[in-house]
Amino acid sequence: QVQPVQSGGGLVQPGGSLRLTCAYPATLGSIHAVGWYRQAPGKQREAVAGIIRGGEIKYGDNVKGRFTISRDNAKNTVFLQMDNLKPEDTAVYFCHILSDSDFDRRGPGHWGQGTQVTVSS
């Protein structure tokens, strides 16, 4: 099973910034969508941000204006820049890569291993 590799995250004070990185293998081929999700203790996993084929970008209501998702297609990498972090942003963050092949056959896509982000003073 192909798994994207995440890096970044850690402990930051409220108002601070962090950047998450997700590197996926070129063997996945053309990509339909990339995204970031998060899961806080006792809560369901929620969508944070995503880029869909064609360039459409979407953000969860809780992060609009503070988080920015971007891609480097040449390096098969997805980023999540998180600014003005709040304690309620504390969660494990996961990247998700959906290839065109996954999309065509309605496959589940590929999840990163997860990265802890803790916002606390």
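Is Tyr37 buried, partly exposed or exposed? Select Tyr37 to begin: this residue is partly exposed, with a relative accessible area of 26%. Keep in mind along the way that you are looking at a predicted model.

**Stop 1: the aromatic rings**

The structure holds 2 aromatic pairs. For one of them, add Trp111 to your selection: the ring centres of Tyr37 and Trp111 are 5.1 Å apart and their planes stand at 65 degrees, so this pair is edge-to-face. Now colour the strands. Tyr37 belongs to strand β4 (residues 31-39) and Trp111 to strand β10 (residues 110-111), so the pair ties together parts that are 74 residues apart in sequence. Trp111 is partly exposed, at a relative accessible area of 30%.

Next, select Phe94. Together with Trp111, Phe94 makes an edge-to-face aromatic pair, with 6.4 Å from centre to centre and 90 degrees between the planes. Phe94 sits in strand β9 and Trp111 in strand β10, so here the pair ties together parts 17 residues apart in sequence. With a relative accessibility of 12%, Phe94 counts as buried. Show the three side chains together, and you have one aromatic cluster made of Tyr37, Phe94 and Trp111.

**Stop 2: a charge over the rings**

Keep the cluster on screen and select Arg45. Which rings does Arg45 lie over? One is Phe94: Arg45 lies over its face, at 3.9 Å from the ring centre. Another is Trp111, where the charged end of Arg45 sits over the ring, 4.6 Å from its centre.

**Stop 3: the salt bridges**

How many salt bridges does the structure hold? There are 7 salt bridges in the structure. Let us visit some of them.

Select Glu46 and Arg38. These two form a salt bridge, and their closest N and O atoms are 2.6 Å apart. Glu46 is partly exposed, with a relative accessible area of 30%, whereas Arg38 counts as buried at 5% relative accessibility.

Now select Arg66 and Asp89. They also form a salt bridge, with 2.7 Å between the closest N and O atoms. Look at the parts of the chain that carry them: Arg66 lies in the loop between β6 (56-59) and β7 (67-72), and Asp89 in the loop between β8 (77-82) and β9 (91-99), so the pair ties together parts that are 23 residues apart in sequence. Both Arg66 and Asp89 are buried. Put the four residues on screen at once: Arg38, Glu46, Arg66 and Asp89 are linked in a network of salt bridges.

For another salt bridge, select Arg105 and Asp102, whose closest N and O atoms are 2.9 Å apart. Is Arg105 buried or exposed? Arg105 is exposed, with a relative accessible area of 56%. Its partner Asp102 counts as buried, at 2% relative accessibility.

**Stop 4: two asparagines in loops**

The last stop is about the backbone. Most residues other than glycine have a negative phi. Select Asn76, in the loop between β7 and β8. The phi of Asn76 is near 50 degrees, which is a positive value in a residue that is not glycine.

Then move on to Asn84, in the loop between β8 and β9. What is phi near in Asn84? Its phi is near 50 degrees, again positive in a residue other than glycine. Asn84 counts as partly exposed, at 42% relative accessibility.

Technical notes. Residues numbered from 1 in each chain as written. Predicted model: local features only at pLDDT ≥ 70, side-chain atom pairs only at ≥ 80, totals over all residues. Heavy atoms only, no water. Salt bridge = Lys/Arg side-chain N within 4 Å of Asp/Glu carboxyl O. Buried < 20%, exposed > 50% of the residue type's maximum accessible area, 1.4 Å probe, protein only. Helix = DSSP H or I, 4+ residues; strand = E, 2+ residues; numbered from the N terminus. Phe/Tyr/Trp six-rings, centres within 6.5 Å; stacked < 30°, edge-to-face > 60°. Lys NZ or Arg CZ within 6 Å of the ring centre and 35° of its normal.
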